[in-house]
Amino acid sequence: MTFRTLEDDITIMLPEDFDLEANLGYLTREKNECMYEIEDGFITKAIAIEKARFLIQISVIANKQMVVRFLDAAQPVEEWHREEIVKYIREWFDLDRDITPFYKIAEADPLLKTPVEKFRGLRVIGIPDLFEALCWGVLGQQINIAFAYTLKKQLVEAFGECMEWKGKKYWIFPSYKQISQRTTSDFSNIKMTLRKSEYVIGIAKLMASGEISKEELMKMSFQDAEKKLTQIRGVGPWTAHYVLMRCLRFGSAFPIDDVGLMNAIKVLRKMDRKPTKNEIMALSASWKNWESYATFYLWRTLY
DNA sequence: CGCCAGGTGGCTG
DNA sequence: CAGCCACATGGC
């Protein structure tokens, strides 16, 4: 890519409950992650805004402000691009939510007390792109997390685009338009089930036709959005809630059937078996509208 | 080797 | 409608 003079850095002021280490702890939990790179506290990521491509590097100063630097761009950086990138980052780190009510609940909750002490300042890290969030949910079904990352890497490297910078590749998740034109035979080198390939292509087609869009889902009530999502083939209650939590940002999203959630509760309560759904419902009775945060913090206790 | 991983759709009685 | 089952692969 040719050299260009890039625009000035962007500064984003951070909310009170933001801790860089807590968030980097989540972002670095899996070495196989291919959607960004973390090094020396810097987060480097390729971002697509429609047809434009940017390579940005995020750093955080004293947990007070985020600095976004443009390392590279495939075209001039326009003002509206900068606005969209800020929007993306605010969604990614959930910067527009005041999470002090969650801490109030959690500090009085025997199950959440220790996790919130340990991970204070962690936000629910989002997946702002709906297609990426749905695919990531589908890929993660029923398999261990490390393997899910392997599958995502295979999918991204097979169909995504990358930006190269200083000898490294930074990937952009494949678009639904691109995947909607593939068939399951194109997925033969990706070691996921045929069923999952069908789900991913089906989701891409629904998005390409406009039947499913983030914009529309964001306008819906929680229950309507959940219903719309579970009508998609391959999206059951777990995946729907996962997407409601990580992309659509409903605080009350709650993947209650999640085996990781069950195991976290089992360990924290020193149980010799997994809790039942009824037991989890009883334990979570006071989490109203913060189920997503509670779940995310409980997951962090495991990996 | 068997069982479990951030489940789901399809089939059966 | 509840109860099974297959599904690709890796770690332990």
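# Exercises on DNA Contacts, a Buried Helix and Internal Spaces

H11 supplies four residues to the surface near DNA strand B, the largest share of that surface. The model is predicted, and the exercises below refer to it.

## Exercise 1. The surface near DNA strand B

Identify the residues that come nearest to DNA strand B, and describe the polar contacts and the makeup of that surface.

**Solution.**

Step 1. There are 24 residues around DNA strand B, and those that come nearest are Arg29, Ile145, Gly234, Thr239 and Tyr242. Of the strand's atoms within 4 Å of the protein, 61% belong to sugar and phosphate.

Step 2. Consider next the individual polar pairs. The side chain of Thr239 places an N or O atom 2.8 Å from a phosphate oxygen of DNA strand B. For Lys274, a polar side-chain atom is 3.1 Å from a phosphate oxygen of this strand. The side chain of Asp258 has an N or O atom 3.2 Å from a sugar or linking oxygen of DNA strand B.

Step 3. Assign the surface to elements. Helix H8 (194-208), H11 and helix H12 (259-268) are the elements that give two or more residues to the surface near DNA strand B.

Step 4. Sort by class: eleven residues of this surface are nonpolar, eight are polar and five are charged.

## Exercise 2. The environment of helix H11

Explain why helix H11 is described as largely enclosed by the rest of the structure.

**Solution.**

Step 1. Helix H11 covers residues 237-246, and nine of these ten residues are buried, so the helix is largely enclosed by the rest of the structure.

Step 2. The buried residues are Trp238, Thr239, Ala240, His241, Tyr242, Val243, Leu244, Met245 and Arg246.

Step 3. The packing partners of these buried residues are helix H1 (20-27), helix H5 (130-139), helix H10 (222-230) and helix H14 (291-300).

Step 4. Two of the buried residues, Thr239 and Tyr242, are also among the residues that come nearest to DNA strand B.

## Exercise 3. The surface near DNA strand C

List the residues around DNA strand C and state which parts of the strand take part in the polar contacts with Gln142 and Leu194.

**Solution.**

Step 1. The residues around this strand are Gln142, Ile143, Asn144, Phe147, Lys191, Met192, Thr193, Leu194 and Arg195. By class, four are nonpolar, three polar and two charged.

Step 2. Within 4 Å of the protein, sugar or phosphate accounts for 60% of the atoms of DNA strand C, and bases for the rest.

Step 3. With Gln142, the partner is a base nitrogen, 3.1 Å from an N or O atom in the side chain. With Leu194, the partner is a phosphate oxygen, 2.3 Å from a polar backbone atom.

## Exercise 4. The largest pocket and the largest cavity

Describe the volume and lining of the largest pocket, then those of the largest cavity.

**Solution.**

Step 1. The largest pocket has a volume of about 1,300 Å³. Its lining consists of 34 residues, and Ala48, Ile49, Glu50, Asp129 and Tyr176 lie nearest its centre. Strand S3 (42-49), helix H2 (79-92), H5, helix H7 (176-180) and helix H9 (214-219) each give two or more residues to this lining. By class, the lining divides into 17 nonpolar, four polar and 13 charged residues.

Step 2. The largest cavity holds about 180 Å³ of space. Of its 17 lining residues, Tyr36, Gly126, Ile127, Glu132 and Arg246 lie nearest its centre. At least two lining residues come from each of H1, H2, H5 and helix H6 (145-159). The lining comprises eleven nonpolar, one polar and five charged residues.

Step 3. Relate this to Exercise 2: Arg246, which lies near the centre of the cavity, is one of the buried residues of H11.

Note on methods. Residues numbered from 1 in each chain as written. Chains lettered and ligands numbered in written order. Predicted model: local features only at pLDDT ≥ 70, side-chain atom pairs only at ≥ 80, totals over all residues. Heavy atoms only, no water. Near = heavy atom within 4 Å. Polar contact = N/O pair within 3.5 Å; in protein donor to acceptor, adjacent residues only side chain to side chain. Nonpolar A, V, L, I, M, F, W, Y, C, P; charged D, E, K, R; others polar. Buried < 20%, exposed > 50% of the residue type's maximum accessible area, 1.4 Å probe, protein only. Contact = heavy atoms within 4.5 Å. 1 Å grid on protein atoms, 1.4 Å probe; cavity = no way out; pocket = protein on both sides within 12 Å on 5 of 7 lines; lining within 4 Å. Points joined across faces, edges and corners; volume = space filled by probe spheres on them.
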